[in-house]
Amino acid sequence: MKMSRWFSSLPLRMRTLFKKRAVEMELDEELRFHLEQQVDAFVERGYSPETARAMAEREIGNVERQMEHCREVRAWHALEVLRADLRFGWRQLMKRKVTTAAAVLSLGLAMGSCVAAFRLVDALFLRPLPIAHAEQLYVLSRQLVDLKGVPHNSDFWSYPDFVRMRDVSKKDADLIAVSFADRYDLTYKTDEEMEKAYVQYVSGWMFSSFGLRPALGRLLTQQDDRTPGAHPYAVISYDYWSRRFGRDPKVIGRTFRLGEQVFEIVGVGPKEFTGIEPGIATEIFLPTMMHRWVTREDASWHRTLALVTPGTAMEPLRAKLDAVSRGFETERSKTWTGMPPQMVAMILAAKVLMKPAKAGISELQGDYR
């Protein structure tokens, strides 16, 4: 059937489907009218009424068969069968209401569980971070094999080690230090306004490397992350700005106390960015240079991310970072006293790994993987 004829017959088909009884009566009257017309024509030609009817029925064909053929032409036969099956199924379900209710409830719970599971998987593993070139983001870790031969991975780094690795990999990747998001006590104006917020220390160039723009004020820059303790600035997240300050533009310039340090809010982050840890919404971003352990070689407190330049060979880059980190640990091991030689060898044999971090990196991913 041509498309134009199909569309022209659509109203009739829909009427046949939903007003079946009326259409059946019209069809029956129409076929019987044509039959009587043919009988009258044969009678006028001199045949007896009985003979004329028999001849008319042979010529037109069995009335019931013709009606069935017309039904198939006028309606979608498959839909009629489906409607009949649905009506039969509904009647059967209504006969056993308790069983039906239990089945529907079970299906609802199963579907809800599947949706919840998919949303969790999507949030933790599938949804990319709202940053530029998320597919080029990797997280650095070290794999250490203990004395029993069991491998252990750690993504904690010391900042002096990070600085060395960043210096040798600038042409191949942009390394970014990001601390673990943690809840800190902070105060606005007086100690009576103490509250908790998720705080993260990040490299000053993180926002520009991620291609992010501020919603208000400015973001942290590389200039804010050069000298330890010199730039007590903070960027708050858009959600925190909305919830805590009601999107007040006068938030720029306000200060808060975190421990013994006083920070000035210089900007509000983009609406869609809440940090790099799925499952945790970071509320305040501070420069890594404001962290108390930033100069310590024996304190590992942050993750190291690598935004790899397109076209860079991954294995040579990994090997370069591995060599630098191994050299750093070798120098540091000279100050270790009283540590068993086997333990020292185990630490120095740790291997640097690079894992994709398109969806961010979070301890929740390990818990639910």
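**Exercise 1.** Determine in which sense strands β4 and β8 pair, and which residue of β8 stands opposite T187.

*Solution.* Step 1: strand β4 (residues 182-187) and β8 pair in the antiparallel sense over two bridges; strands are DSSP runs of E with at least two residues, helices are runs of H or I with at least four, and both are numbered from the N terminus. Two strands pair if DSSP finds at least two bridges between them. Step 2: opposite T187 stands R257 in β8. The model is predicted, so local features need pLDDT of at least 70 and side-chain atom pairs count only at pLDDT 80 or more, while totals for chains, interfaces and linings use all residues. Residues are numbered from 1 along each chain as its sequence is written, and side-chain values use heavy atoms, with hydrogens and water left out.

**Exercise 2.** Identify the partner of β8 in its hairpin and the residue there with a positive phi.

*Solution.* Step 1: β8 pairs with strand β9 (residues 261-268) in the antiparallel sense over four bridges. Step 2: R257 stands opposite V262 in β9. Step 3: two residues lie between the strands of this hairpin, in which G259 takes a positive phi near 65°. Step 4: strand β8 (residues 255-258) has F256 and L258 on its covered face, and T255 and R257 on its uncovered one.

**Exercise 3.** State whether E195 is buried or exposed, and list its side-chain polar contacts.

*Solution.* Step 1: E195 lies in strand β5 (residues 195-202). Step 2: with a relative accessible area of 18%, E195 is buried; buried means under 20%, exposed over 50% and partly exposed in between, with a 1.4 Å probe and protein chains only. Step 3: the side chain of E195 makes a polar contact of 2.9 Å with that of Y240, and another of 2.9 Å with that of R244. Such a contact is a pair of N or O atoms within 3.5 Å; within protein, one must be able to donate a hydrogen and the other to accept it, and residues adjacent in sequence count only if both atoms are side-chain atoms.

**Exercise 4.** Classify the ring pair of Y188 and F245.

*Solution.* Step 1: the structure holds 12 aromatic pairs, where rings of Phe, Tyr and Trp (its six-membered ring) pair if their centres lie within 6.5 Å; planes under 30 degrees apart count as stacked, over 60 as edge-to-face and the rest as tilted. Step 2: the centres of Y188 and F245 are 5.6 Å apart and their planes stand at 80°, so the pair is edge-to-face. Step 3: both Y188 and F245 are buried.
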